[in-house]
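Here is a quick walk through one protein chain, going from the whole fold down to a handful of side chains. Have the sequence and the 3D view open as you read.

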Amino acid sequence: MNASDSCSARNNTAQDRTILDAIPAIAWSKLPDGSNESVNQRWQDYTGIPVAEARGQGWQAAVHPEDLPKLREKWAEIVASGKSGEFEGRLRRHDGAFRWVLARFEPVRDDAGEIVR
């Protein structure tokens with residue numbers, strides 16, 4: 001990666017962040033392995049979990065422990081099938097209360113058709 005590639009990557013990240021924050025819902029971007037790449041401001045406001053803490057597997061702290069195994073299974077199904085999917089489960093609010101939410105997942109593919117997010 002050269003200097004212009006690095007600058008371009010930073011600009012894309014800033015653009016991605018702006019787009020993610022503009023979505024009028026809790027939104028995030030996960031990698032195929034289930035790790036979290038980014039979350040929007042609404043995620044942070046709702047869960048109280050900052051971006052840095054939500055990366056990787058940190059997002060799991062916001063999911064009800066009884067729902068987490070089912071959510072992992074559903075994510076694996078979506079990645080394996082390549083199809084969109086939904087999951088209903090409980091998400092922890094910043095004050096510690098759990099609320100039921102409907103999560104929708106939409107695979108994002110690269111030019112070769114591989115799921116990248």
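What follows starts with the overall layout, then takes up one helix, one hairpin and three residues.

**The chain as a whole**

Keep in mind that this is a predicted model. The protein chain holds four helices and four strands, and along the sequence they come in the order α-β-β-α-α-α-β-β. Of the 117 residues in the chain, 31% are buried. Its accessible surface is about 7400 Å², with 52% of that belonging to carbon and sulfur atoms. As for contacts with a sequence separation of 6 or more, 36% of them are between residues 24 or more positions apart.

**Helix H4**

H4 covers residues 68-81. Does its length add up or fall short? At 1.5 Å a residue, its 14 residues should span 20 Å, and the end C-alpha atoms are indeed 20 Å apart, so the two agree.

Which residues of H4 are buried? They are Leu68, Leu71, Trp75 and Ile78. Look down the helix axis and these buried residues fall within an arc of 80 degrees, so they line one face of H4. Swing round to the other side of the helix and you find Glu73 and Ala80, both exposed. The buried residues pack against three strands: E1 (28-30), E3 (85-92) and E4 (98-105). Just after H4 comes Gly82, with a positive phi of about 75 degrees.

**The E1-E2 hairpin**

E1, one of the strands that the buried residues of H4 pack against, runs antiparallel to E2 (residues 36-39), and three bridges join the two. Trp28 stands opposite Val39 in E2. Five residues lie between the strands of this hairpin, and in the turn Gly34 has a positive phi of about 95 degrees.

**Three buried residues**

Now for some individual side chains. The table puts three buried residues side by side, with where each one sits.

| Residue | Location | Relative accessible area |
|---|---|---|
| Leu68 | helix H4 | 11% |
| Arg90 | strand E3 | 18% |
| Ser35 | loop between E1 and E2 | 10% |

Why does Arg90 count as buried? Its relative accessible area is 18%, and the cut-off for buried is under 20%, so Arg90 qualifies. Its side chain makes a polar contact of 3.3 Å with the side chain of Glu66. Setting aside residues up to four places away in sequence, Arg90 touches Ala62, Val63, His64, Glu66, Asp67, Phe98, Arg99 and Trp100.

Leu68, one of the buried residues of H4, is in contact with Trp59, Gln60 and Val63 once neighbours within four places in sequence are left aside. Val63 is also among the residues that Arg90 touches. Leu68 and Gly89 are 21 residues apart in sequence, yet their C-alpha atoms are 8.4 Å apart in space.

Back in the hairpin loop, what does the side chain of Ser35 pair up with? The side chain of Asp33, through a polar contact of 2.6 Å. Not counting residues up to four places away in sequence, Ser35 touches Lys30, Gly56, Gln57 and Trp59. Trp59 is also on the contact list of Leu68, so to speak a shared neighbour of Ser35 and Leu68.

Conventions. Residues numbered from 1 in each chain as written. Predicted model: local features only at pLDDT ≥ 70, side-chain atom pairs only at ≥ 80, totals over all residues. Heavy atoms only, no water. Expected span 1.5 Å × (residues − 1). Buried < 20%, exposed > 50% of the residue type's maximum accessible area, 1.4 Å probe, protein only. Arc of directions from axis to C-beta. Contact = heavy atoms within 4.5 Å. Pairing = 2+ DSSP bridges. Polar contact = N/O pair within 3.5 Å; in protein donor to acceptor, adjacent residues only side chain to side chain. Areas by Shrake-Rupley, 256 points an atom, 1.4 Å probe, with all protein chains shown as cover.
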